[in-house]
Amino acid sequence: MKLYFGIFGLIFFVFSCTKEIVTTPTSNTSAGNTNSNTSITYSNLWIPPTLSGTTFNLSLDKSTKQFFSGSITNTYAYNGANFWGPTLIMNKGDQVQINVKNNLNETTTSHWHGFHIPAEMDGGPHQEILASTTWSPNFKVMNNAATYWYHPHLHELTAKQVSMGAGGLIIIKDPEEAALALPRTYGVDDIPVVLTSRKFTSTNVIDFSTAYGDYLLTNGTLNAQISLPKQVVRFRILNAEIERGYNLGFSDNRTFYIIANDGGLLDNPVPVTRVPLVVGERIEILLDLSNDALGSSLDFKAYNANLPQGFGGSEPAQSGQFGSLLNNKDFPVLHINVAATNTSPMLAIPSTLVKNTTLAATDATNSRMLMVTGGQPNGPAFSFNNSTFNHQTINQTVKLNAVEKWTIMNNNVFGHSFHIHDVQFKILSRSSGSVGLHESGWKDTVYLPVGQSVTIIAKFDDFASDKYPFMYHCHFANHEDGGMMGQFLVVP
Ligand SMILES: [Cu+2]
């Protein structure tokens, strides 16, 4: 049996490695400074087009992308993209309308991840968009300037539709952010970096039944490279994976600066050389290229080898449901070529950003506890408090304007990524003893390591309804589809 799997694994590995990647005509070949023994053919990073204003028209369509030589790959994408969708740019305070046309032949939904909006506009599992119909939510943009995203959230089809490519970024702008000396020329010194990986069958069909991909897609681009000006640049990074976490850094181990978490800018830039990013989380970073030589290159990398058990993608297997060619190894996510400084360069890291209000444990008016359950071999799927998601079951009821502490305990078998709709929260404490400076800002998604608990605090203001619930769930789409999700009402 062992021999059989060994041979099978070897055949799978050799086969998978022989996929010939199709590159864009403008690509060039260069040896990255961490790949001196192998020459990688890069493709230019796809920068999603932008939509702005107060009316946004999205259509979710079947599409295709030529990832590899041979068969073209069927995908889902918004507005005619090959994979993924346009970046929506919104201003805080605007009343916006979004028209989402579903051109698939299956139901979908469209969730505005991180947004503080009424539950009936949230695009969760209850706001179904049937095939060939259009859903038109209308809401006021109340969130801080930061990077958010939209993606399907239909129960039991989220993993499939996200794996097929459905998703997009949302950038919110506000006056506080605009007043700071930060790079903000989209695609020039303000770069979207969406990380996800996919597994493909022998005929280049996306396999949406697995937790981990064999091939990294950065904005949907295989082996992505970008030319960046010799100055301070900003990355808006989203982990749009199914389960994989990332431990991000640069190939020369340089210091970079975290300036924003999921829901807004931090008080001050946080210098780091590595940062973990689990599924659904976003960070914005500043990368200082002003001292790099013109024409030099470096890699933005996932330092994913030898991470703790329970971190998504740390499993050693190279194939099978929880294996992939990228598991438990370091790999590049974006090759950077240093180009000429542009006309209005930012050349310094600001010392301060914004003054955030905060929530302290003493502000809490109520506490509740969630336990990660299930997920044992041959047992029921992962859940919270032994309650599998059911559309008709309200799991929690929160009073409007309550400030609540939620402790999520994970004395279970694997790590998770915990997301709450409606609110931005602060992480109060981790049982491991420390909340990282890199996660000290407003959050809507938090890493839940195995064997640990995390306590968060949030105010549930503005939107009460005795009819429309919000979701809380694991953001591993396969866990969420399996029922690791609950719903709460905010009541007057
Ligand atoms: Cu999970």
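This briefing walks through the copper site, the nonpolar cores, the salt bridges and the strand pairing of the structure above. Keep in mind that the model is predicted. Three residues, His416, Cys474 and His479, hold the copper ion, and the largest nonpolar core takes in 44 residues. Strand β17 is worth a good look, since eight of its eight residues are buried.

**Annotated domains**

- The unreviewed UniProt entry lists "domain: Plastocyanin-like" for residues 72-176 and 365-491.
- Residues 72-176 come out as 8% helix and 37% strand, and the C-alpha atoms at the two ends of that span sit 45 Å apart.
- For residues 365-491 the figures are 4% helix and 46% strand, with 15 Å between the end C-alpha atoms.

**Copper site**

- The copper ion gets its donors from ND1 of His416, SG of Cys474 and ND1 of His479, at 2.0 to 2.1 Å.
- Along the chain, the donor residues follow the spacing H-x57-C-x4-H.
- Cys474 and His479 are both buried.

**Nonpolar cores**

- As a rule, nonpolar side chains in soluble globular proteins tend to be buried together.
- In the largest core, with its 44 residues, the ones making the most contacts inside it are Phe235, Ile237, Phe300, Val333, Leu334 and Ile336.
- Strand β24 (residues 330-339) gives this core its largest share, five residues.
- Leaving aside residues up to four places away in sequence, Val333 touches a mixed set of neighbours: Leu195, Leu216, Thr218, Ala224, Tyr246, Leu248, Phe300, Lys301 and Ala302.
- There's also a second, separate core of 39 residues, with Leu104, Met164, Leu169 and Ile206 among them.

**Salt bridges**

- Side chains of opposite charge can pair when their charged atoms come close.
- The count of salt bridges here comes to 16.
- One of them joins Glu177 to Arg234, with 2.8 Å between the closest N and O atoms.
- That pair ties together distant parts of the chain, 57 residues apart: Glu177 belongs to helix α3 (residues 175-178) and Arg234 to strand β17 (residues 232-239).
- Glu177 counts as buried because its relative accessible area is 4%, under the 20% cut-off.
- Arg234 is buried as well, at a relative accessible area of 1%.
- Lys355 and Asp267 also meet through their side chains, at 3.6 Å from N to O.
- This second pair again links distant parts of the chain, 88 residues apart, with Lys355 in the loop between β24 and β25 (366-373) and Asp267 in strand β20 (residues 264-272).
- The setting is an open one for Lys355, which is exposed at a relative accessible area of 75%, while Asp267 is partly exposed at 27%.
- Glu439 and Arg430 make another salt bridge, their closest N and O atoms being 2.7 Å apart, and both residues are buried.
- Shared partners knit Glu177, Arg184, Asp190, Arg234, Arg236 and Glu284 into one network of salt bridges.

**Strand β17**

- With eight of its eight residues buried, β17 is largely enclosed by the rest of the structure.
- In a regular strand, side chains alternate between the two faces of the sheet.
- Both faces of β17 are covered: one side carries Val232, Arg234, Arg236 and Leu238, the other carries Val233, Phe235, Ile237 and Asn239, and all are buried.
- Strand β14 (residues 190-198) runs parallel to β17 and is joined to it by six bridges.
- Across from Arg234 of β17 stands Asp190, and both residues also belong to the salt-bridge network.
- Strand β22 (residues 282-288) pairs with β17 in the antiparallel sense, over seven bridges.
- Within β22, Leu287 is the bridge partner of Val233.

**The six-stranded open sheet**

- The strand order in this open sheet is β3-β16-β24-β23-β18-β21, and the pairing is mixed.
- β3 (43-44) and β21 (275-277) sit at the edges with a single partner strand each, so one side of each has no neighbour in the sheet.
- β3 and strand β16 (residues 224-229) run parallel and are joined by two bridges.
- Asn44 has Gln225 in β16 as its bridge partner.

How values were computed
Residues are numbered from 1 along each chain as its sequence is written. This is a predicted model: local features need pLDDT of at least 70, side-chain atom pairs count only at pLDDT 80 or more; totals for chains, interfaces and linings use all residues. Side-chain values use heavy atoms; hydrogens and water are left out. UniProt positions are given in the numbering used here, feature names are shortened, and annotations may be inferred rather than shown by experiment. Donors are N, O and S atoms within 2.8 Å of the metal (3.2 Å for Na, K and Ca); water is not among the atoms, so sites may look incomplete. Buried means under 20% relative accessible area, exposed over 50%, partly exposed in between (1.4 Å probe, protein chains only). A nonpolar core is a set of buried Ala, Val, Leu, Ile, Met, Phe, Trp, Tyr and Cys residues joined through side-chain atoms within 4.5 Å. Contact means heavy atoms within 4.5 Å. A salt bridge is a side-chain nitrogen of Lys or Arg within 4 Å of a carboxyl oxygen of Asp or Glu. Two strands pair if DSSP finds at least two bridges between them.
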